[in-house]
Structure formats: C-alpha cells, structure tokens
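Subject: The structure I promised you

Hi,

Here is the structure we talked about, so open it up and keep it beside you while you read. My notes on what turned up come right after it.

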Amino acid sequence: MRLTFLGTGGYHPSERRHTACILLPDSGVVLDAGTGFFRVQERLQTDELDVFLTHAHLDHIVGITFFIVPVVRGDVKKVRIHGTADTIAACRDHLLAERLFPVDPPFEWCELPSRHMTLADGGTLAWHPLEHPGGAVGYRLNWPVQSLAYITDTTAPGDYLEFIRGVDVLIHECYFPDEMQEWAVKSGHSAASAVAQVARDADVGRLILVHTDPQSCADDPVGLSEMREIFPETHIAEDLQDLEF
C-alpha cells in the first residue's frame with residue numbers, strides 16, 4: 001500500500017509545507033483537502049476519488065475548490081466528498097457560498113454512515129469522534145494485511161486509543177513541542193510527548209507526524225529525539241514524501 005503526503009502542515013501553508021492532505025493514489029482515497037489538495041490530480045491513479053474530511057476548518061477543506069478542472073475535463077469521472085453532516089453543511093453553505101465561490105462543483109456529498117463503510121478497493125473505513133473546537137473525526141482504514149489510522153486536530157491522548165490500537169501506521173498531528181503543552185490544550189491540538197505515548201500505548205507499528213506548526217520550517221519543529229525515547233519508530237512527514245506500508 002502506498003501513501004503520498006501532499007500537505008503535512010497545519011493552519012496555513014508555508015514555504016516548506018502545504019496544509020492537510022494525504023493521498024492513497026492507487027486506491028483513489030484522500031484524507032483531508034487542505035491546500036495540498038491541488039497536487040492530487042497529477043498523482044491519482046484512479047478515475048474516481050473519495051475524499052474523507054476530518055472537519056470543516058479551512059486548512060482541511062479549502063482544496064475542494066481546486067478540483068473543478070479535472071472533473072470538467074473528464075480526467076476524474078466521479079468525486080465523492082465524505083464527512084459528518086455538520087462538515088458537509090459547512091462546505092456547501094459557506095466555503096461554496098455563491099459570493100465566495102460562484103461555481104457549484106459536480107461532486108457527490110456523502111454523510112458518513114454509522115461508523116463503518118467499505119472502500120472501492122475492498123478495504124474498510126471506520127471513524128471516531130475527536131475532541132476539537134467545532135468537532136472533528138479520526139479515521140481508521142483496514143485491508144487484509146495492512147492498517148492505517150489518521151488522527152488530527154485533537155489533543156492527545158483523547159479517548160481514541162482502542163480505535164487505533166495495533167495499526168501498522170499511525171498518522172497523528174503534532175502541532176506543538178512539549179514546552180507549549182498549555183497551548184495545545186487551549187487550541188485543541190497535540191504536543192510531542194503525549195503523541196509518542198499514544199503510539200506506544202496503542203502498540204502501533206510506525207508513528208508519522210503531520211500538522212506541524214507552519215511558523216517553524218525547521219527539520220525538527222517538535223523534539224523528535226525526545227519522542228523517540230518514548231516511541232522509537234517516530235518520523236516527521238514531509239510534503240511529497242511517499243510511504244510504503
């Protein structure tokens with residue numbers, strides 16, 4: 001299974017990172033549609049696309065407006081946007097309000113079913129509510145021999161430990177270093193050590209960090225060496241990085 005990280009930062013794009021977007025190119029699945037979403041069309045290997053949104057904050061949905069041309073040209077035959085009822089309403093009523101974006105995209109809007117669904121490639125997807133201002137959800141994707149969880153915009157450790165237990169790859173936000181834990185709690189985001197402890201306690205295979213602070217373009221904005229003392233298989237994702245798992 002192959003993942004491509006198209007946006008690994010939070011809040012706003014920086015010179016190094018676009019905002020939240022992760023593509024499974026061979027499955028036609030995208031997790032979040034931040035500013036990195038413009039990169040999907042050149043890398044997608046299917047003619048249908050399923051986009052799963054975690055919530056409706058702009059850094060996770062603005063890329064929806066970037067995808068009109070591939071559909072109009074016929075490069076992609078169908079685009080389904082999945083999310084909670086509140087997230088879909090926010091996208092349609094506000095992001096795509098006529099005064100902001102006077103085009104009605106030819107997308108299908110799909111409210112998430114009751115916690116489980118089957119993907120086009122035969123895998124399954126489940127979702128779990130997360131604590132975040134305005135609400136958010138995390139996703140778990142399972143295939144016969146691989147599994148993946150995507151947890152962003154929440155404060156670790158939360159109540160999702162059992163939901164992600166044992167996955168091969170945990171993609172988890174890590175906006176703040178430990179010394180800014182207070183701000184993590186105030187803003188509904190996560191600090192470094194708590195994220196590493198989640199990965200350790202959930203017995204995951206690898207921890208991949210995303211949604212880092214865009215004000216830092218450092219190679220290590222969160223304290224990677226300290227995190228690895230808790231969970232050795234901790235890595236920071238970079239835009240345009242591919243990951244096989």
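Let's start with empty space: the largest cavity has a volume of about 30 Å³. Keep in mind as you go that this is a predicted model. Counting cavities of 30 Å³ or more gives one. If you want to see how such gaps are found, rolling a probe the size of a water molecule over the atoms shows where empty space is left.

Which residues line the largest cavity? They are Gly7, Thr8, Gly9, Ala20, Cys21, Ile22, Tyr150, Thr152, Val210 and His211. That lining splits into five nonpolar and five polar residues, with no charged ones.

Click on His211 next. Histidine 211 sits in the loop between strand 12 (206-210) and helix 7 (224-230). Its relative accessibility is 3%, so histidine 211 counts as buried. Its backbone is worth a look too, as the phi of histidine 211 is near 55 degrees, a positive value in a residue that isn't glycine. For background, most residues other than glycine have a negative phi, and most peptide bonds are trans.

There are a few more backbone oddities to look up:

- Tyrosine 11 isn't a glycine either, but has a positive phi of about 70 degrees. You'll find tyrosine 11 in the loop between strand 1 (2-7) and strand 2 (21-24). Is tyrosine 11 buried or exposed? With a relative accessible area of 59%, tyrosine 11 is exposed.
- Aspartate 203, just after helix 6, takes a positive phi of about 60 degrees.
- Going from alanine 156 to proline 157, the peptide bond is cis, with omega near 15 degrees. Proline 157 belongs to the loop between strand 10 (147-151) and helix 4 (161-164).

Now for helix 6 itself, residues 192-201. Seven of its 10 residues are buried, so helix 6 is largely enclosed by the rest of the structure. The buried ones are Ala192, Ser193, Ala194, Val195, Ala196, Val198 and Ala199. What do they pack against? Their partners are helix 4, strand 11 (169-173), strand 12 and helix 7.

On to charged pairs. How many salt bridges does the count come to? The count is 14, and here are three you can find quickly.

Take aspartate 219 and arginine 16, whose side chains meet in a salt bridge at 2.9 Å, N to O. This pair links distant parts of the chain, 203 residues apart: aspartate 219 is in the loop between strand 12 and helix 7, and arginine 16 is in the loop between strand 1 and strand 2. Aspartate 219 is exposed, at 61% relative accessible area, while arginine 16 is partly exposed, at 26%. The two also belong to a network of salt bridges that links Arg16, Arg17, Asp219 and Glu238.

The second salt bridge joins glutamate 48 and arginine 80, with the closest N and O atoms 3.0 Å apart. Glutamate 48 lies in strand 4 (residues 48-52) and arginine 80 in strand 5 (residues 78-83), so the pair ties together parts that are 32 residues apart in sequence. Glutamate 48 is partly exposed, with a relative accessible area of 32%. Arginine 80 has 15% relative accessibility, so arginine 80 counts as buried; the cut-off for that is under 20%.

In the third, arginine 165 pairs with glutamate 162, and the closest N and O atoms are 2.8 Å apart. Here arginine 165 counts as partly exposed, at 32%, and glutamate 162 is exposed, at 56%.

Two single residues to finish. Threonine 234 lies in strand 13 (residues 234-236) and counts as buried, at 0% relative accessibility. A polar atom of the threonine 234 side chain lies 2.6 Å from the backbone oxygen of phenylalanine 231. Leaving out residues up to four places away in sequence, threonine 234 touches Leu207, Leu209, Leu224, Met227 and Arg228.

Aspartate 121 is in the loop between strand 7 (116-118) and strand 8 (124-130), and is partly exposed at 31% relative accessible area. With residues up to four places away in sequence left out again, aspartate 121 touches Met1, Ser27 and Trp143. Its side chain makes a polar contact with the side chain of tryptophan 143, at 2.9 Å.

Have fun clicking around!

Notes. Residues numbered from 1 in each chain as written. Predicted model: local features only at pLDDT ≥ 70, side-chain atom pairs only at ≥ 80, totals over all residues. Heavy atoms only, no water. Helix = DSSP H or I, 4+ residues; strand = E, 2+ residues; numbered from the N terminus. Buried < 20%, exposed > 50% of the residue type's maximum accessible area, 1.4 Å probe, protein only. Polar contact = N/O pair within 3.5 Å; in protein donor to acceptor, adjacent residues only side chain to side chain. Contact = heavy atoms within 4.5 Å. 1 Å grid on protein atoms, 1.4 Å probe; cavity = no way out; pocket = protein on both sides within 12 Å on 5 of 7 lines; lining within 4 Å. Points joined across faces, edges and corners; volume = space filled by probe spheres on them. Nonpolar A, V, L, I, M, F, W, Y, C, P; charged D, E, K, R; others polar. Salt bridge = Lys/Arg side-chain N within 4 Å of Asp/Glu carboxyl O.
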